[in-house]
Each structure stands twice: as C-alpha cells, then as structure tokens.
Amino acid sequence: MEGQGAAPDPQLQQFIEVESQKQRFQQLVHQMTEVCWEKCMDKPGPKLDSRTESCFVNCVERFIDTSQFILNRLEQTQRSRGSISETMSD
C-alpha cells in the first residue's frame, strides 16, 4: 500500500499545525467573549457606556494575562519534568 511507512509531508504537517493554532485561537476568543459578556453586559443597548466598556477592557486584559500565566506555568512544568526524566535516564 502506497504511503505506508513513508515520512509525513512537511507541508501537510505545517498546514495542520497552522489550522490547529487557528482553531485554538478561535476557541480562546469565544471563551473570552462569553466570560466577559456575562461579567460586563447588564443590558444590551445601542452604545456601550464607559463603565461597561471599561469592564470589557479589564476583563479581556485579565483573561489574556491569566491565559499567558497558565501557558508559562505549563511550559515550566514540562521543562522541569523533561529535566527530571533526563536525569533519571542517565
């Protein structure tokens, strides 16, 4: 059977990775929108008042800060596990 055991196509791998990143970004935006909407929007109207606008700005900034903190923490954890695994295999 053709293609079995062959190395994956690098262009296809890159395309899949880019599409996966797009999907993760869209999910993050959707989640952030939902959280901030529930937190800040009392009653939808034709315009945002300054209090609601400020709430949205703060909510989005905190959401981004929190997401970045979690990603950094996960990376640190993976790195420390990697160095522990390397030490144990020596």
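This section describes the helices, the buried residues, the aromatic pair and the salt bridges of a predicted model.

The protein contains two helices and zero strands. Its chain has 90 residues, and 11% of them count as buried. About 8,200 Å² of the protein is exposed. Carbon and sulfur atoms supply 55% of that area.

Helix H1 covers residues 10-40. Its length can be checked by simple reasoning. The helix has 31 residues, and the expected span is 1.5 Å times one less than that number, so H1 should span 45 Å. The C-alpha atoms at its ends lie 44 Å apart, which agrees with the expected value. At the start of H1, a side chain contacts the backbone. A side-chain oxygen of Asp9 comes to within 3.1 Å of the backbone nitrogen of Gln11. The buried residues of this helix are Met32, Cys36 and Cys40.

Cys40 also takes part in a contact with helix H2. Its partner there is Thr52, a residue of H2. Thr52 touches both Cys40 and Met41, when residues up to four places away in sequence are not counted. The relative accessibility of Thr52 is 6%. Buried means under 20%, so Thr52 counts as buried.

A search of the whole structure finds one aromatic pair. The rings belong to Trp37 and Phe56. A pair of aromatic rings is described by the distance of the centres and the angle of the planes. Here the centres are 6.3 Å apart and the planes meet at 45°. An angle under 30 degrees would count as stacked and one over 60 as edge-to-face, so this pair is tilted. The pair links distant parts of the chain. Trp37 lies in helix H1, whereas Phe56 lies in helix H2, which covers residues 50-89. The two residues are 19 places apart in the chain. Their surroundings were also compared. Trp37 has a relative accessible area of 40% and is partly exposed. Phe56 has a relative accessible area of 18%, under the 20% cut-off, so Phe56 is buried.

Five salt bridges were counted. One of them joins the side chains of Glu19 and Lys22, with N and O 3.1 Å apart. Both residues lie in helix H1. Being three residues apart, Glu19 and Lys22 are separated by about one helical turn. Glu19 is partly exposed, at 32% relative accessibility. Lys22 is also partly exposed, at 45%.

Other salt bridges centre on Arg62. Arg62 forms a salt bridge with Glu61, and the closest N and O atoms are 4.0 Å apart. The side chain of Arg62 also meets that of Asp65 in a salt bridge, at 2.7 Å from N to O. Arg62 and Asp65 both lie in helix H2. They are three residues apart, about one turn of the helix. Glu61, Arg62 and Asp65 are thus linked in a network of salt bridges.

The accessibility of each network member was computed. Glu61 has a relative accessible area of 38% and is partly exposed. Arg62 is partly exposed at 45% relative accessibility. Asp65, with a relative accessible area of 41%, is partly exposed too.

Definitions and conventions
Residues are numbered from 1 along each chain as its sequence is written. This is a predicted model: local features need pLDDT of at least 70, side-chain atom pairs count only at pLDDT 80 or more; totals for chains, interfaces and linings use all residues. Side-chain values use heavy atoms; hydrogens and water are left out. Helices (H or I, at least four residues) and strands (E, at least two) are DSSP runs, numbered from the N terminus. Buried means under 20% relative accessible area, exposed over 50%, partly exposed in between (1.4 Å probe, protein chains only). A polar contact is a pair of N or O atoms within 3.5 Å; within protein, one must be able to donate a hydrogen and the other to accept it, and residues adjacent in sequence count only if both atoms are side-chain atoms. Accessible areas come from the Shrake-Rupley method with a 1.4 Å probe; for residues, only the protein chains shown count as cover. Rings of Phe, Tyr and Trp (its six-membered ring) pair if their centres lie within 6.5 Å; planes under 30 degrees apart count as stacked, over 60 as edge-to-face and the rest as tilted. Contact means heavy atoms within 4.5 Å.
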